[in-house]
Protein chains: 2
Amino acid sequence: MKLKLISPASYRTHPSPFESDLRSDGKRMTPQRKKVLSLFEEIGSGIHLSAEEVHSKLTISGEKVSLATIYRTLRLLVKMTFLNELDLSEGGNRFELLSHDHPDHHHLICIRCGRTEEFENNNVINAGKAAAKNFGFKLLESSLNVRALCPKCSNK
Amino acid sequence: MKLKLISPASYRTHPSPFESDLRSDGKRMTPQRKKVLSLFEEIGSGIHLSAEEVHSKLTISGEKVSLATIYRTLRLLVKMTFLNELDLSEGGNRFELLSHDHPDHHHLICIRCGRTEEFENNNVINAGKAAAKNFGFKLLESSLNVRALCPKCSNK
DNA sequence: TCCCTCGTTGCAAACTGTTCTCATTACGCT
DNA sequence: AGCGTAATGAGAACAGTTTGCAACGAGGGA
Ligand SMILES: [Mn+2]
Ligand SMILES: [Mn+2]
Ligand SMILES: [Zn+2]
Ligand SMILES: [Zn+2]
């Protein structure tokens, strides 16, 4: 039994927020851009990938996107606030889906194995706000990185 | 009129903390190491220099130390806890004299001109401690970086 | 539907910040 | 003063990221 095909008109889905944001800025939707954002959406928030990891994950699943394009796309997605960039000193910066549920979380990083846990704390956010206000700065973003050893790496 | 020369014995000053820490570890005091630490001590705490800046400051004042040695010395001084290393995403890491008066300060950085202000906030430190405890991690160091625009860069 | 334009891609080369290699120098112990 | 070995200088190597450029292709108009 064959499924009834949806009429061509209904294929014209409303463009995703990503697509419409792009369009309104004279930019274009491309398969590469779709693939990068989809990857983050599929794995969900709370995962922190480097550019290289994004590249190899796409490559492994048969999608080939050049590394240069991945860098360009990640930068774009950060500027468009779909992704958040973490500047962890070791081994390249990492990117994560910007979750609307946990917009202002911070990171606890095991410097040995790279395991990263997230946490939220309003005091931290307020500390950043207070400091910015105090010096007349306009706050953009505040990030607390806690460098530590996870239980596994802690005992030798 | 000639000044009376101090007797040779009095030249034997007690070694600095730096020098004795080095010695007790089989390491040696060198003119290069003296120059790098002295530079930080002369300019005082609250100044955040990149390796390149340390290099050019020394070069300008006629002291030549190779860039490789500067990197090696900075790493050493951080390990010996004379310096603190900041991982600010833009333009290389920076180093500052570790001040015993303000051991746990955080940084407010203008992402346009690089102006950096320091602030202290116990809530931040406690947030890091709490997060580490919560996940069973052993805390090493926590640093809050507030990215912002300074008043000057803020109005266009 | 075909076209044209101009934003985007892939590739390699360039770049930036940092570490490494290795021959040479020199600290510090006796 | 002589010796063993840690440290230095110079440049090559390196990792992560950006850029230049020719080819490509998304998507609005005819
Ligand atoms: Mn996160
Ligand atoms: Mn500081
Ligand atoms: Zn670990
Ligand atoms: Zn500024």
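**Exercise 1. The manganese site**

Task: In this predicted model, the donor residues of the manganese ion (ligand 1) follow the spacing H-x47-E-x8-H-x1-H-x10-E in sequence. Work out which residues and atoms these are, and where the pair His48(A) and Glu118(A) sits in the chain.

Solution:
- Step 1. Put names to the pattern: the protein donors are His48(A) through NE2, Glu96(A) through OE, His105(A) through NE2, His107(A) through NE2 and Glu118(A) through OE. They lie 1.9 to 2.4 Å from the manganese ion (ligand 1).
- Step 2. Look up two of them in the fold. His48(A) is in the loop between helix H3 (31-43) and strand S1 (49-50) of chain A, while Glu118(A) belongs to strand S5 (residues 116-119) of chain A. At 70 residues apart, this pair links distant parts of the chain.
- Step 3. Are the two buried or partly exposed? The cut-off for buried is under 20% relative accessible area. His48(A) has 10% relative accessibility, so it counts as buried. Glu118(A) comes out at 24%, so it counts as partly exposed.

**Exercise 2. The zinc site**

Task: Find the protein donors of the zinc ion (ligand 4), then decide what arrangement its four donor atoms have.

Solution:
- Step 1. Grab the donors: the SG atoms of Cys110(B), Cys113(B), Cys150(B) and Cys153(B), lying 2.2 to 2.4 Å from the zinc ion (ligand 4).
- Step 2. Check the angles. The four donor atoms subtend 100 to 115°, and tetrahedral needs all angles between 85 and 135 degrees, so this site is tetrahedral. For reference, the ideal angle for four tetrahedral donors is 109.5 degrees.
- Step 3. Read the spacing along the chain: C-x2-C-x36-C-x2-C.
- Step 4. See what the x36 stretch does. Cys113(B) sits in the loop between strand S4 (106-110) and strand S5 (116-119) of chain B, and Cys150(B) in the loop between strand S6 (138-149) and helix H6 (151-154) of chain B, so the pair ties together parts 37 residues apart in sequence.
- Step 5. Compare accessibility: Cys113(B) is partly exposed at 46% relative accessible area, whereas Cys150(B) is buried at 2%.

**Exercise 3. DNA strand D**

Task: Describe the protein surface near DNA strand D, and pick out contacts to phosphate and to a base.

Solution:
- Step 1. Count the neighbours: 20 residues surround DNA strand D, and the closest are Arg28(A), Tyr71(A), Gln32(B), Arg33(B) and Arg72(B). Of the strand's atoms within 4 Å of the protein, 65% are sugar and phosphate.
- Step 2. Sort the surface residues by class: five nonpolar, seven polar and eight charged.
- Step 3. Find the helices that each supply at least two of them: H5 (67-79) of chain A, plus H2 (31-43) and H4 (67-79) of chain B.
- Step 4. Go to the atoms. A backbone N or O atom of Asn93(A) is 3.0 Å from a phosphate oxygen, and a polar side-chain atom of Arg33(B) is 2.8 Å from a phosphate oxygen. Arg72(B) goes for a base instead, with a polar side-chain atom 2.7 Å from a base nitrogen.

**Exercise 4. DNA strand C**

Task: Run the same kind of check on DNA strand C.

Solution:
- Step 1. There are 22 residues around DNA strand C, with Gln32(A), Arg33(A), Thr69(A), Arg72(A) and Tyr71(B) nearest. Sugar and phosphate make up 72% of the strand's atoms within 4 Å of the protein.
- Step 2. By class, the surface has six nonpolar, eight polar and eight charged residues.
- Step 3. Phosphate oxygens of DNA strand C lie 3.1 Å from a polar backbone atom of Ser66(A), 2.8 Å from a polar side-chain atom of Thr69(A) and 3.0 Å from a side-chain N or O atom of Arg23(B).

Key
Residues numbered from 1 in each chain as written. Chains lettered and ligands numbered in written order. Predicted model: local features only at pLDDT ≥ 70, side-chain atom pairs only at ≥ 80, totals over all residues. Heavy atoms only, no water. Near = heavy atom within 4 Å. Polar contact = N/O pair within 3.5 Å; in protein donor to acceptor, adjacent residues only side chain to side chain. Nonpolar A, V, L, I, M, F, W, Y, C, P; charged D, E, K, R; others polar. Donors = N, O, S within 2.8 Å, 3.2 Å for Na, K, Ca; no water. Helix = DSSP H or I, 4+ residues; strand = E, 2+ residues; numbered from the N terminus. Buried < 20%, exposed > 50% of the residue type's maximum accessible area, 1.4 Å probe, protein only. Tetrahedral: all angles 85-135°; square planar, octahedral: opposite > 155°, others 65-115°.
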